[in-house]
Amino acid sequence: MPNTSTKRKDVIPEANGNNLARIDNVQEAKEKEKSEREDIVLWKKPLITLEYFVRESVILLYTYGKKSLEYRKTVVFVTFLITVLVTLTNITGPHQSYVQSSYTQLAWCVYWCGLGVLSSVGLGTGLHTFLLYLGPHIAKVTIAAYECGSVNFPEPPYPDDIICPEDGIQTVISIFTIMSKVRLEAMCWGAGTALGELPPYFMARAARLSGYDPDDESDLKDLEELERKLRNKEDLTLLERAKVGVEKMVERVGFLGILACASIPNPLFDLAGITCGHFLVPFWTFFGATLIGKAIIKMHIQKLFVIIAFNETLIEKAIVWLTMVPIIGSKLQEPFKEFLVNQKNKLHRTAGSGMQAESGSILAWVFEKFVIAMILYFVISIVNSLAQSYHKRIHKTKKTQSKKAVD
């Protein structure tokens, strides 16, 4: 009679060995796939990257176009509304002044809202439009308000350009006067940043509901890695501790926790969106708190900071303090002085005088090139990201097909 217990003991280690080998192979395949995906960038594989970018863009346009058809009533209503607006814009009559005024205001709001979306979308790789656009705009209005003694700038050319009012009437300029002048664009920008926080939320929520492999999304993987370290009581870095703090605040406090995280300049807020999606926090709880925090509370803090920083007295003191910088202090002072004088001179020109809005200031030239470089970096990062998404899509399709073949 053969000893079955001995055979069973021999089979178990063999099965365990096969399982370990299979796990190692799967992990190795994942690492290889990740390495291939990271190499799909414009400076390494330009042709493949561009091809994948176009393919992924077409797929996304088709997918979202198809989804939009599910809401036919909304699509019909929006199409009808756009048709009416275009018709009203092109028909002459006494209503044109109101239409043009409303159109200008709407375009201004959409512009700043779009810049807000660009600033926060992309999980930290967004275009930093506060530093590039809104901050300089608030600073420009602040300098003009103190120089002109008024915020009643002629429209047009405001908001495209700023000149002092020709009536010469001056009023007392306070911080609140300037905050009121830039409130619309600041709140629209803040609302845009709130909209830009939705992709991480929806991504994590979809992952939780569908139960697909979190390895597909690097940010979900980071969240799970943090949870693993906490369970095993491993040492955390300062950044990881900050992430854990944000996660616990959002998880325990809910609406008020999200509001607190959204109300301060917080580079880790993407993690709050991922956490809310992961724990299935209701959409309006997340978006409502984010919108209030970013469009109202945080924007007033940022506006206040810029207005105070560009107070006329502080700017003059800062230019004087530049001489204290060793070796290059005096050389730095001259371009800043020239830039400030040019800005003030431009404010006192008359509308339609033909004076060039831009001067030959070195600072203006440097800032312009910096903005162009940031925009190019953002565009390149979008192309790379979509190309890598298509690579991920290809491998995911292959895995699904192979599983079906095995079954």
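Both C148 and C164 are buried in this predicted model. The two residues are joined by a disulfide, with an S to S distance of 1.8 Å. The link of C148 and C164 is left-handed, with -70 degrees about the S-S bond. C148 lies in helix α5 (residues 129-148) and C164 in the loop between α5 and α6 (175-181), so the disulfide ties together parts that are 16 residues apart in sequence. The count for the model comes to 1 disulfide.

C109 takes part in no disulfide. The nearest cysteine sulfur to that of C109 belongs to C188, 3.6 Å away, whereas a disulfide requires sulfur atoms within 2.5 Å. Relative accessible areas for C109 and for a further cysteine, C276, are tabulated below.

| Cysteine | Relative accessible area | Class |
|---|---|---|
| C109 | 18% | buried |
| C276 | 0% | buried |

Helix α5, which holds C148, also packs with helix α13 (residues 283-309). Two packed helices are described by the angle between their axes and the distance between the axes. For α5 and α13 the angle is about 55 degrees and the axes are 9 Å apart. The two helices are therefore oblique to each other, and the crossing of α5 and α13 is right-handed.

On the α5 side, the contact is made by F130, L134, G135, I138, A139 and T142. Helix α13 contributes M299, Q302, K303, V306 and I307. By class, the contact of α5 with α13 has 7 nonpolar, 3 polar and 1 charged residues.

Note on methods
Residues numbered from 1 in each chain as written. Predicted model: local features only at pLDDT ≥ 70, side-chain atom pairs only at ≥ 80, totals over all residues. Heavy atoms only, no water. Helix = DSSP H or I, 4+ residues; strand = E, 2+ residues; numbered from the N terminus. Buried < 20%, exposed > 50% of the residue type's maximum accessible area, 1.4 Å probe, protein only. Axes fitted to C-alpha atoms, helices over the stretch in contact; angles between N-to-C directions. Parallel < 35°, antiparallel > 145°, perpendicular 65-115°, else oblique. Left-handed = near helix turned anticlockwise from the far one by under 90°. Contact = heavy atoms within 4.5 Å. Nonpolar A, V, L, I, M, F, W, Y, C, P; charged D, E, K, R; others polar.
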